[in-house]
Amino acid sequence: MTLYPHDHRMWAVIGIYSGREDNAFYHRTEDGLRSRGEKTLSAKETIPLGEEVIHAVTNPLEQITAAIHVYGGDFFDTPRSEWDPQTFQERPFDLEHAREIFAQANKRRPS
Ligand SMILES: [Fe+2]
């Protein structure tokens, strides 16, 4: 599964304890999002993310990736953004949309 580009607007630390996640990083420009690099995280790896980070996250495996996420603020009530993965059009982050992406991916998961 892939979660489209989004920001957090607070610092975060992510620690993977099972599976793998591929992060694609972006930064804002006057012309929209530009790629800023990639980072693959595997089990037992961590990554600190600054307040300005914009990333998309892909689990390339046919198994669940499990991680601990620590956020430096109110993750659920802080207004933030997501970007359409095709057009990179910015829009308000929609938590229900994100939950639906996870729910759909979990339904596709092999048992
Ligand atoms: Fe994120």
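1. Strands S2 and S5. Strand S2 (residues 12-18) runs antiparallel to S5, and the two pair over four bridges. One of the contacts in this pairing can be named by residue: Gly 15 has Thr 46 of S5 as its bridge partner. The model is a predicted one, and every value in this note is to be read with that in mind.

2. Faces of strand S5. Which residues of S5 point to the buried face? In strand S5 (residues 46-49), Ile 47 and Leu 49 point to one face and are buried. Thr 46 and Pro 48 point to the other face and are not buried. This is the pattern of a regular strand, in which side chains alternate between the two faces of the sheet. Thr 46, the bridge partner of Gly 15, therefore belongs to the face of S5 that is not buried.

3. Overall fold. The protein chain has one helix and nine strands. Read from the N terminus, the order of elements is β-β-β-β-β-β-β-β-β-α. The radius of gyration is 14 Å, close to the 13 Å given by the globule rule for 111 residues, so the chain is as compact as a globular protein of that length. The C-alpha trace spans about 45 × 30 × 25 Å along its principal axes. Of the 111 residues, 35% are buried.

4. The iron site. Which residues coordinate the iron ion? The donors are the NE2 atoms of His 6, His 8 and His 55, at 2.1 Å. Along the chain these donors follow the spacing H-x1-H-x46-H. His 6 sits in strand S1 (residues 2-7) and His 55 in strand S6 (residues 54-58), so that this pair, 49 residues apart, links distant parts of the chain. His 6 and His 55 are both buried. A reader checking the site should note that water is not among the atoms, so sites may look incomplete.

5. The nonpolar patch. Trp 11, Val 13, Tyr 17, Ile 68 and Val 70 make a nonpolar surface patch of about 500 Å². S2 and strand S7 (66-71) each supply at least two of the patch residues. Val 70 is placed in strand S7. Is Val 70 buried, partly exposed or exposed? Its relative accessible area is 41%, so Val 70 counts as partly exposed, since that class lies between the 20% and 50% cut-offs.

6. Salt bridges at Asp 7 and Arg 9. The count of salt bridges comes to eight. One of them joins the side chains of Arg 9 and Asp 7, with 3.0 Å from N to O. The two partners differ in exposure: Arg 9 is partly exposed, with a relative accessible area of 39%, whereas Asp 7 is buried, at 3%.

7. Salt bridge between Arg 28 and Glu 90. The side chains of Arg 28 and Glu 90 also meet in a salt bridge, at 2.7 Å from N to O. Which parts of the chain does this pair link? Arg 28 is in strand S3 (residues 20-29) and Glu 90 in strand S9 (residues 90-92); the two are 62 residues apart, and the pair links distant parts of the chain. Arg 28 is partly exposed at 44% relative accessibility, and Glu 90 is partly exposed at 37%. Salt bridges that share partners join Asp 7, Arg 9, Arg 28 and Glu 90 into one network.

8. Salt bridge between Asp 84 and Arg 91. Asp 84 forms a salt bridge with Arg 91, and the closest N and O atoms are 3.5 Å apart. Arg 91 has 28% relative accessibility and so counts as partly exposed.

9. Two further pairs distant in sequence. Thr 78 is placed in the loop between S7 and strand S8 (81-83), and Thr 78 is partly exposed, with a relative accessible area of 24%. Thr 78 and Met 10 are 68 residues apart in sequence, and 8.8 Å apart in space from C-alpha to C-alpha. The other pair starts from Glu 21, which lies in strand S3. Glu 21 is buried, with a relative accessible area of 7%. Its C-alpha atom is separated by 9.2 Å from that of Ala 66, and the two residues are 45 apart along the chain.

Key:
Residues are numbered from 1 along each chain as its sequence is written. This is a predicted model: local features need pLDDT of at least 70, side-chain atom pairs count only at pLDDT 80 or more; totals for chains, interfaces and linings use all residues. Side-chain values use heavy atoms; hydrogens and water are left out. Donors are N, O and S atoms within 2.8 Å of the metal (3.2 Å for Na, K and Ca); water is not among the atoms, so sites may look incomplete. Buried means under 20% relative accessible area, exposed over 50%, partly exposed in between (1.4 Å probe, protein chains only). Two strands pair if DSSP finds at least two bridges between them. Patches are made of residues with over 30% relative accessible area and no salt bridge: like charges are joined within 9 Å, nonpolar side chains (Val, Leu, Ile, Met, Phe, Trp, Tyr) within 5 Å. Accessible areas come from the Shrake-Rupley method with a 1.4 Å probe; for residues, only the protein chains shown count as cover. A salt bridge is a side-chain nitrogen of Lys or Arg within 4 Å of a carboxyl oxygen of Asp or Glu. The radius of gyration is taken over C-alpha atoms; the globule rule is 2.2 Å times the number of residues to the power 0.38.
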